[in-house]
Structures are given as C-alpha cells and as structure tokens.
Amino acid sequence: MANVPENLHYSKDHEWVRVEGDTAVIGITDHAQDQLGDVVYVELPKSGEEFAAHESFGSVESVKAVSEIFTPVSGNVSEVNGSLNDEPEKVNKDPYGEGWMIKIKMSNSGEVDSLLTPAEYEDFTKAESE
Amino acid sequence: MTAPALELKKTSLNEAHRKLGGRMVEFGGWDMPVQYPAGTMTEHLRTRTNAGLFDVSHMGEIEVRGPDSIPFVNRLVSNDAAKLIDGQAQYSALTTPEGTVIDDLLVYRFAEDHLLLVVNAGTTEKDWDWIISHHGDENVELRNASADYCQIAVQGPDAISILQKLTAVPLSEIKYYHFREGSVDGVPAIVSRTGYTGEDGFEVYAAADKAEQLWNKILDAGDFGNDDGVLPCGLAARNTLRLEAGMCLYGHEIDETTTLLEANLGWICKLNKGAFIGRELLQRQKDDGIKRKLVGFDVTDRGIARDGQDVLIGGAPVGHVTSGSPAPFLKQNIGMAYVPVEFANAGQAIEIDVRGRLVAAQIVPLPFYKRAKQ
C-alpha cells in the first residue's frame, strides 16, 4: 500500500502539499511515483515564475512515460529542488522528503482547504484503480 | 476475426504475470505486463549483465506446408527464403507493391516443405489476411497457428547456462539464427538462438498449455530472486533493449509508409532472387537513391526525446522521432528518427521539439549498443 502521510494535503493529480506558513511545499505522492516507475528526469520551473492553481509547472519522466505535474495552489515559485537534476531517483526513494519539487509562496492560502485530506486521497486512489 | 475492442487477448501466462506483480497494459490488443516490481531499469540492466525472461506468446505463428512452401513465401517476402537450410531462421519482411512494410518477421525452415512464419502480435490478423489473399496456384497449406504456441524468450549472457539445465539439446552447438527441435523440461519445443535484445539468448516455442511450466522452470533454473538471477521483464524493458541494439519496431521505425531501404534494411532485400511483391519499387529506389533515412541520435542537452516528436535542422522540421527513450545501460537519452539523406551523417547536429522546447541532439552510428563477442 502506498504511503499517505497524515500532515499533508493532496490533489486529484497526485501531488501533495505541505503548508509552512504562507509557503506550500509541493511534490508527487508515493502512489504517483509507484505508478510511474523509475524516475529518470524531472523538469522544474525557475524561481520567481507565477502559476495559477491546477496549472502545469513541469514534468516528471520515467523510462516509459512523461507525466505533467500540476500545482494545487496559486502563487510564486520561491524555491526549486535543483538536486533532482542529478538525482531524479529521489522522487522514488523519498517522495515526501528529499523528492520534494517546488516551494510556492501562496497568493491564496484558502485554496489549501479545497484539497483532499489523507483519508479522501486514499479513497480516491482506491476508486481510481478499480 | 477481430476481438471486441474492450476484450483484450491474454497469453497463457497472464495469471503468472499477475502473480509476479506485473503491471498489465494493453499492447496491440493484448493484455501484457509493461514491467514487474523490479522496474524497467533493473529488468533492462539484468538482461545485459545476467538474464531476462520475456513472455512473447502474443506474437503470431503461421505454418506453411507443402512442396511450394519456399517459392510461395519467397514471392511475399524480401529476403531469400531459398537460401535457408533446415534448422535455420531468417529475418525478413512482408512487403507491399510500393516496397513498404506490411510486417517484419522470422522465417523458420524445418524442411523444404515446412516453414514457420513468426510475425508481430498487433499485425497477425493483417498478415494472415494478406498471405491467404496472395495464395495463387502454389501447392501449399497455410494455417494460422498463433493460438497453439507459447513463445518464451530467455536473453542475456547467462541465458545459455540457465536453459541448458532444462534440456539435453546441446545449446552451444546452435548457431545464431538457427534452431533445434527438442525437449525442454520434458516438453516438446523449438529452441531458437534468436532474440530482440542485442544479447545472446534463446526463444523457446512450445504448446501454449505448457507455457506456465516452462516459465516457472526457467525462473527456478535462473535463480530468480537472487541479485544476479534471471528477472522476468516487461514490454518496457523489451523496448529499451531493442532500441539500444538499434533494432526496428514495427509501427515505429517501419510500417506501410516506410520502405526497407529507408530503414537500413537493404540487407534483407534480395533484389536478385527473382520476383517478389515490391521488388520493382525497391530496385528503382535503390537505383535512384533514397530521399530519407533512419538514423540514431544521442540527446546532447538535458531532456528525453519521445516517439512522434519533430526533428529540426536550422529551425526547419525535417523529420520525426520513431522511438525515443532513456537508454538504461548506456545511461544516455537516445532515439531513432527519419531525416533527409543529406543530413543523415554521424556528427550532424539536430534538434528535437520536446513538447515545445528545442533540445539539441547529434546523429550517431547504429547500433547504439553492441555486445562484446566471447
């Protein structure tokens, strides 16, 4: 079973959000990395770029497939995880830790409330795989 | 007959794949494992260093029997089936009158009056219809025997020692692109020294209901579960292995819009063997010269080229990527593409349009990977 930590918010596109003050740390879920397989390439935006909620901010690629990654919240990119350039496998090994992707300074922190709770996300992935 | 769109065909190993945790996907109308829990990267590398096991039972088998077997087949294919001896296999292609490709295939010769054509899964019905529609007055009997056979490939440097544990057939005596009939774990089988990975290895054909027995015995004989043991491999690893080896995949490098000469398959066009479908066009194209050519490329920027993306030179689109992927063993992002012949030289700089971003690449010689000869 995929790991779904309690302290995070989730999107239906399989991203997670950890709120740190007015900043959202964003990555893809354990379920998403498992579905993708070995991650070999991660394409991320630059600091300072602006994104609206549900907009694509990059892509993650396995040997076989490309998946777009969507930001669940609106705002300005304050930091990107540049270490994924050389070590994309961190997304598989530690999707909620060292595999984080970007930090966004949220322009509307209320958007977090519309995201899925851990229990809702688990139900969602179960329903999706049936 | 075509199966209903949603009802996928299953090989006899479907249950075995699920038990092993295979992730099943649709491929050419078949429900097949794209990878197992070890993952594509590990499956690929293990095949290069030790051994990989592949279910290729979805491929089609067409039996040709009768005194005119060789002349009949030779009229439909580009390579020269008359050159085969008993126990030999040959890479060949079914061609259209335009010299393009209906399918690529292996022709096995059991006897002068008995051949077996092994064709791609997704094209089996099309090939069968094409073949029977071209049956004239030759004295041959044709049978689509695809459902009768399972086909299991064991590939990699350890393939020979693993398979030898299960058979008295002296495997080291079978030359590349040759085969023997014999028994594997007591099961009557065809043991063929062929494959689609760039490694030494064997493809074993047997009755479909013996598939699970052979599959499990080969896993056991190959110490599946050990770090240097055989690994079951899915379609994704099969694809990256053949791409590193520079081999064509039907529907990607070759199809009914590409000629054999454009795809570097002139070596299977025996234009002097006598008449065959497409010969005139291929002869004319050979005389006039081809306009475009299949090449290999390394991506030199960061980025991964994927199937179908545009190839540009000097900002202008000149062709498209037929297969693009990370190459797990070479640790390089590679691909194959059609480009105009004037640009088809090693060292030529090209760009690939990767979802709107232009990524630099360079044409390199094929194959990308060639195993060291013992």
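**Strand pairing, domains and contacts of chain B**

In the predicted model, strands S5 and S6 of chain B form a hairpin with five residues between them. Within this turn, B:Gly99 has a positive phi of about 80°. The two arms, S5(B) and S6(B), are paired in the antiparallel sense over eight bridges. One position in this pairing is B:Tyr91, which stands opposite B:Leu106 in S6(B). Of the 11 residues of S6(B), eight are buried, and the strand is mostly covered.

A hairpin also joins S6(B) to S7(B), here through two residues. The pairing of S6(B) with S7(B) is antiparallel and comprises six bridges. In this pairing B:Leu105 has B:Val119 of S7(B) as its bridge partner. Strand S7 (residues 114-119) of chain B pairs in turn with strand S4 (residues 60-65) of chain B, in the antiparallel sense and over six bridges. Here B:Val64 is found opposite B:Leu115 in S7(B).

These strands belong to an open sheet of five strands in chain B, with the order S5-S6-S7-S4-S8 and antiparallel pairing. Its edges are formed by strand S5 (88-95) and strand S8 (141-144) of chain B, each of which pairs on one side only. On average, neighbouring strands of the sheet are turned by 25° against each other, direction ignored.

Two helices of chain B lie across strands of this sheet. Helix H3 (residues 69-76) of chain B lies across S4, S5, strand S6 (101-111) and S7 of chain B, and runs at about 135° to S4(B). Helix H4 (residues 124-133) of chain B lies across S4, S5, S6, S7 and S8 of chain B. The angle between H4(B) and S4(B) is about 20°.

A barrel is also present in chain B. Six strands close in the order S14-S17-S16-S15-S18-S19 (chain B), with antiparallel pairing. From one strand to the next, the twist averages 45°. Within the barrel, strand S18 (residues 349-354) of chain B is paired with strand S19 (residues 357-364) of chain B in the antiparallel sense over six bridges. B:Glu351 stands opposite B:Ala360 in S19(B). Helix H7 of chain B lies across S16 and strand S17 (332-340) of chain B, and its direction makes an angle of about 120° with S16(B).

Taken as a whole, chain B has eight helices and 19 strands. Its radius of gyration is 21 Å, close to the 21 Å given by the globule rule for 374 residues, so chain B is as compact as a globular protein of that length. Along the principal axes, the C-alpha atoms of chain B fill a box of roughly 60 × 55 × 45 Å. Of the 374 residues in chain B, 47% are buried. Among contacts in chain B between residues at least 6 apart in sequence, those joining residues at least 24 apart account for 65%.

Chain B is divided into two domains, domain 1 (1-289) and domain 2 (291-374). The centres of domain 1 and domain 2 of chain B, taken over C-alpha atoms, are separated by 26 Å. Contacts between the domains involve 17 residues of domain 1 of chain B and 20 residues of domain 2 of chain B. On the domain 1 side, the elements that give two or more residues are H2 and H7 of chain B. H2(B) gives the most to this side, with four residues. The residues of domain 1 of chain B that touch domain 2 of chain B divide by class into six nonpolar, six polar and five charged.

Chain B also touches chain A: 12 residues of chain B are in contact with eight residues of chain A. On the side of chain B, two or more residues come from each of strand S2 (30-35), helix H2 (40-49), helix H7 (235-244) and strand S16 (316-327) of chain B. By class, this side of chain B has six nonpolar, five polar and one charged residue. H2 and H7 of chain B are thus named both among the elements that touch chain A and as the elements on the domain 1 side that touch domain 2 of chain B.

How values were computed: Residues are numbered from 1 along each chain as its sequence is written. Chains are lettered from A and ligands numbered from 1 in the order in which they are written. This is a predicted model: local features need pLDDT of at least 70, side-chain atom pairs count only at pLDDT 80 or more; totals for chains, interfaces and linings use all residues. Two strands pair if DSSP finds at least two bridges between them. Axes are lines fitted to C-alpha atoms, for helices over the stretch in contact, and angles run from 0 to 180 degrees between N-to-C directions. Two residues are in contact if their C-beta atoms, placed from the backbone, lie within 7 Å. Ala, Val, Leu, Ile, Met, Phe, Trp, Tyr, Cys and Pro count as nonpolar, Asp, Glu, Lys and Arg as charged, and the others, Gly among them, as polar. The radius of gyration is taken over C-alpha atoms; the globule rule is 2.2 Å times the number of residues to the power 0.38. A residue is buried if 20 or more other C-beta atoms lie within 10 Å of its own, exposed if 12 or fewer, and partly exposed in between; C-beta atoms are placed from the backbone. Domain bounds come from an automatic or database domain assignment.
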